[in-house]
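Colleague: I should be grateful for a close look at a single part of this model. Please explain each term as it arises.

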Amino acid sequence: MMNGDNDDVGGYLNPGTKRGSDELLAQTGAVSNGSVMSPAPNHADNNNDAKKVKLDTKNPGAPSRVIHIRNIPNEVTEAEIVHLGIPFGKVTNVLVLKGKNQAFLEMSDEVSATTMVNYFTNCTAQLRGRAVYVQFSNHKELKTDQTHSNANPSAQAALQAAQALVNQTDTQGGPNTVLRVIVEHMIYPVTLDVLYQIFSRVGKVLKIVTFTKNNTFQALIQYPDVVTAQAAKMTLDGQNIYNACCTLRIEYSKLSNLNVKYNNDKSRDYTNPNLPTGDPALDSALAIGVSSLSAPNLNLPNRTGENATPTGMPFTGMPLAGVTPTAAALGAAGIRLPGQPSPNCVLLVSNLNEEMVTPDALFTLFGVYGDVQRVKILFNKKDNALVQMSEPHQTQLAISHLDKMKTWGKQIRVTLSKHQTVQLPKEGQPDAGLTKDYSNSPLHRFKKPGSKNYQNIYPPSATLHLSNIPPTVDEEQIKDAFAHAGASVKAFKFFPKDRKMALIQLGSVEEAIAALIKMHNFQLSDSSHLRVSFSKSTI
């Protein structure tokens, strides 16, 4: 417990002991409910207070249902303070002293408060990456009249959310280490590794199992403790993985532990890297080098090509730290935290037509699904190429939409590469134009954050969407240009309200892929270049 009565808030608590001369609000400009609650701070007094708030472990203090939390980050919200207490019982009030980096949490009874204090005595609580200190307050309750803490709309919202959470346990599991995650409006593919990247931002993920139920992609995700699972639920529930789609719906599972039998693209036990994949060929390959694998960075061979693909991201071990709803509304699932190793953004493309493939052709085709940074056609194996995207989720989109697509007469394969980056040739090294850097290309479709192009990504189809058509160009000119590129045009239609856009239907999906490669950025007039993408519509 602190020396004296350092957690006194100058009349905002009903004291169980007398107020000392070192009360917080009498000396600091602590703000609650959006207004200053005391005169401006005296810097000398602040220094004295800073010395006084050292924890005195020799005097743990008498139990109280009011809990004092110190060393909180400046930007912490009432909801984050409340979520610390929810796993231990009903939270009845909260007060955040932003100017003092302290907060108070009132539980419904001393038993809940004691359980919480005992838990965080053995396990350091963290908020946004900073260790915070949890102890009993000298006070027995927080006042709850309308002039004080719970009149603050954010405090009210946090308390209401906490109450709703307690009430919902009748219909689903209560606070638990296992979360059930449903992905709604899944326009783009969501993989086990994408979920791992997102949920690892809250804390260490132990196990993941993915499955499809009622035509909906779902997952079970296990954390090491209830507090981390609670933090993930409160932080990520309702957030979108990609812009305006792939919404996370999170509830507690009734399971208390996940039994993972295989480490593959459907399930993963990050605590046991030696589990089989369920594929006999892969398991025999893994058995050779299994000693080099480690739990935090499990490398599984690809089913089609290279032999070791980093599919999991390293554990960050981070609690809720730094994961606010705004940060969690990931415009792209591949947003990285500072200091984290970069997840893989390089694709291996195999079974290409050697006579047709060029770096520019692959840049255009893969550029439909992400911003291509570099392309390398392998010198000694020209039916293979490496394509480096700018973000990990773009590699997943490309794999989902282009793997096994017939392109230039051959069914291409698209998988993750074992390489982390595409190396440019050294100066003077012969390359025959097989490696090209596109990092400064003006043709990237997704360089603007939150680009609307993310909402118009579709699989290859026989119908192409055309845009940026100048008013001087008519239907026949466009059809002739596509015919000259080798496509058989079956139908054409301008958009009724916007003649800058049109749909063109070709003879097959393979034809449309070849036409997109040739016709995207085709010069239609002195100042206009055609924009081509795959359409979900038909004419």
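Modeller: Let us begin with a contact in a loop: the backbone nitrogen of Leu255 lies 2.9 Å from a polar atom of the side chain of Ser253. A polar contact is a pair of N or O atoms within 3.5 Å; within protein, one must be able to donate a hydrogen and the other to accept it, and residues adjacent in sequence count only if both atoms are side-chain atoms. The model is predicted, so local features need pLDDT of at least 70 and side-chain atom pairs count only at pLDDT 80 or more, while totals for chains, interfaces and linings use all residues. Residues are numbered from 1 along each chain as its sequence is written, and side-chain values use heavy atoms, with hydrogens and water left out.

Ser253 belongs to the loop that runs between strand 14 (245-252) and strand 15 (267-269). Strands (E, at least two residues) and helices (H or I, at least four) are DSSP runs, numbered from the N terminus.

Is Ser253 buried or exposed? Ser253 is buried, because its relative accessible area is 6%, and buried means under 20%, exposed over 50%, and partly exposed in between (1.4 Å probe, protein chains only).

Elsewhere, an open sheet of five strands follows the order 5-6-4-8-7, with antiparallel pairing. Strand 5 (91-97) and strand 7 (125-127) form its edges; each has a single partner strand, so one side of each lacks a neighbour in the sheet. Two strands pair if DSSP finds at least two bridges between them. Strand 5 and strand 6 (residues 102-107) run antiparallel and are joined by six bridges. Within strand 6, Leu105 is the bridge partner of Val94.
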